[in-house]
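Let's take a walk through this structure together. Have the sequence and the 3D view at hand, and follow along one stop at a time.

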Amino acid sequence: MGKTAVITGAASGIGRAVSLAFADRGAKLVMADVEADGLEAARQEAEARGAETVGVVTDVTQQASVEALADAAWARFGAVHIVHNNAGVLIRAPMLDAAEKDWEWILAVNLWGVIHGVRAFVPRMLEAGEEGHIVNTASEAGHFAGDGYGVYNTSKFAVVGLTESLARELRNTPLGVSMLCPGQVETGIFTNTNRPASFQRNGDDVPVERRATDNAMEPADVAAKVLAAVEAGELYVFSHVDEARSLIEKRHGRLMRGLGN
Ligand SMILES: NC(=O)c1ccc[n+]([C@@H]2O[C@H](COP(=O)([O-])OP(=O)(O)OC[C@H]3O[C@@H](n4cnc5c(N)ncnc54)[C@H](O)[C@@H]3O)[C@@H](O)[C@H]2O)c1
C-alpha cells in the first residue's frame with residue numbers, strides 16, 4: 001500500500017484493529033489515543049507486523065492536540081493519505097439523567113473529535129493533492145435513536161450529517177470519504193474510564209451497563225470492512241448489515257408516515 005494512515009482511538013477496540021489491518025497492508029501508521037500505555041502496547045503490536053509506526057498521545061477534544069498530531073504525522077512520514085477519526089466514548093443513560101458534563105464529554109470526543117480531525121487534516125491533504133481517504137466512525141446509533149442512548153445518539157447523528165456533508169464537499173477532489181456505522185462490537189467502550197478531569201461529574205459517573213447480546217462482532221472483522229470500503233471508495237460501512245437494514249427501514253417508515261405516506 002505504501003500509504004500513511006492516521007487512526008485516533010488506536011489504543012483499543014476498533015481503532016487498534018484498524019491499525020493492525022492497515023499494518024498488514026503495508027501502511028505506515030500514526031496511532032493516536034489519550035491512553036498512553038494502551039497506545040504504546042498497540043503500537044508495538046503493529047510494529048511487530050512490520051509496519052513503520054509512531055504513537056502520538058492525543059486528546060481529540062482539543063483542536064491544538066489534533067493539530068499537533070497532524071504536525072507529528074507530516075514530520076515523521078512527509079504525507080498523510082488516510083485519516084480515521086475513530087476515538088469515541090459512551091454513556092448509557094436516559095438523557096434526562098445525564099449531567100451537563102456528560103453531554104460535554106460525549107459531544108467533545110464523538111463530535112468535536114471528528115470536527116478537529118477534519119479541520120486539522122483535510123485542508124493539508126487537499127493542498128498535497130494526493131489521493132486519500134477520510135473515515136469517520138459514526139454508529140448504527142447515528143441512524144436510529146435506540147432507547148437509553150440519547151446523548152450518544154445525538155453525537156452520532158451529528159457525525160452522520162457531518163460525514164455526508166463532507167462527502168459532498170469533497171466529491172470533486174482526490175479525497176474519498178467513508179463513515180463506519182457499527183452495531184455492537186466487542187471492545188472496551190463499555191468499560192472505558194478515560195474521562196478527562198475537565199469532564200468529570202463530581203465522581204458520580206453514570207454507570208455504563210453492558211447490554212446483553214449474542215451479536216457482538218470482533219474488531220478485526222470490522223477493520224476488514226473498513227479497509228474494503230476505503231479501497232472501494234464506499235461511503236457507508238455497516239458491520240451488522242441485516243440489523244442496520246431493519247433499524248433504518250423502521251426509521252424511514254416513521255418518516256414516511258410523518259410525510260403522510
Ligand atoms: N463497540 C461498539 O459496539 C461500537 C458500536 C458503534 C460505534 N462504535 C464507535 O467505535 C469507535 C471506537 O470505539 P471502540 O468500540 O473501539 O471503543 P474502545 O473504548 O475500545 O476504543 C476507543 C478508544 O478511544 C480512546 N479515546 C477516548 N477518549 C479519547 C480522547 N479524548 N482522545 C483520544 N482518544 C480517546 C480510548 O482511550 C480508547 O482507546 C467509537 O467512536 C465508538 O463510538 C463502537
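Please keep in mind that this is a predicted model. A good residue to begin with is Y236, which is partly exposed, with a relative accessible area of 38%. Which ring does Y236 pair with? Its partner is F238, and the two form a stacked aromatic pair, with 6.3 Å from centre to centre and 20 degrees between the planes. That pair counts as stacked because the cut-off for stacking is a plane angle under 30 degrees.

In total there are three aromatic pairs. Another stacked one is made by W74 and F121, whose ring centres are 5.9 Å apart and whose planes differ by 25 degrees. This pair joins distant parts of the chain: W74 belongs to helix α3 (residues 63-77), while F121 belongs to helix α4 (residues 100-128), 47 residues apart. Are these two residues buried or exposed? W74 has 17% relative accessibility and therefore counts as buried. F121 counts as buried as well, with a relative accessibility of 1%. The reasoning rests on a cut-off, because buried means under 20% relative accessible area.

Stay with helix α4 for a moment, since R124 is found there too. With a relative accessible area of 27%, R124 is partly exposed. R124 also brings us back to W74: the two are 50 residues apart in sequence, yet their C-alpha atoms are 9.6 Å apart in space.

Now turn to the ligand, which sits in the largest pocket. Which elements give two or more residues to the shell around the ligand? They are α1 (13-24) and α5 (150-169). The ligand is surrounded by 31 residues, and the closest are S12, D33, Y152, T187 and N194.

Some of the atom-level distances here may interest you as a computational chemist. D33, one of the closest residues, places a polar side-chain atom 2.6 Å from an oxygen atom of the ligand. On the nitrogen side, an N or O atom in the side chain of D59 lies 2.9 Å from a nitrogen atom of the ligand. T58 takes part through its backbone, where a polar atom is 3.4 Å from a ligand nitrogen. How much of the ligand does the protein bury? Taken alone, the ligand exposes 820 Å², and the protein buries 97% of that area.

Conventions. Residues numbered from 1 in each chain as written. Predicted model: local features only at pLDDT ≥ 70, side-chain atom pairs only at ≥ 80, totals over all residues. Heavy atoms only, no water. Phe/Tyr/Trp six-rings, centres within 6.5 Å; stacked < 30°, edge-to-face > 60°. Helix = DSSP H or I, 4+ residues; strand = E, 2+ residues; numbered from the N terminus. Buried < 20%, exposed > 50% of the residue type's maximum accessible area, 1.4 Å probe, protein only. Near = heavy atom within 4 Å. Polar contact = N/O pair within 3.5 Å; in protein donor to acceptor, adjacent residues only side chain to side chain. Areas by Shrake-Rupley, 256 points an atom, 1.4 Å probe, with all protein chains shown as cover. 1 Å grid on protein atoms, 1.4 Å probe; cavity = no way out; pocket = protein on both sides within 12 Å on 5 of 7 lines; lining within 4 Å. Sits in = over half its atoms within 2 Å of the grid points.
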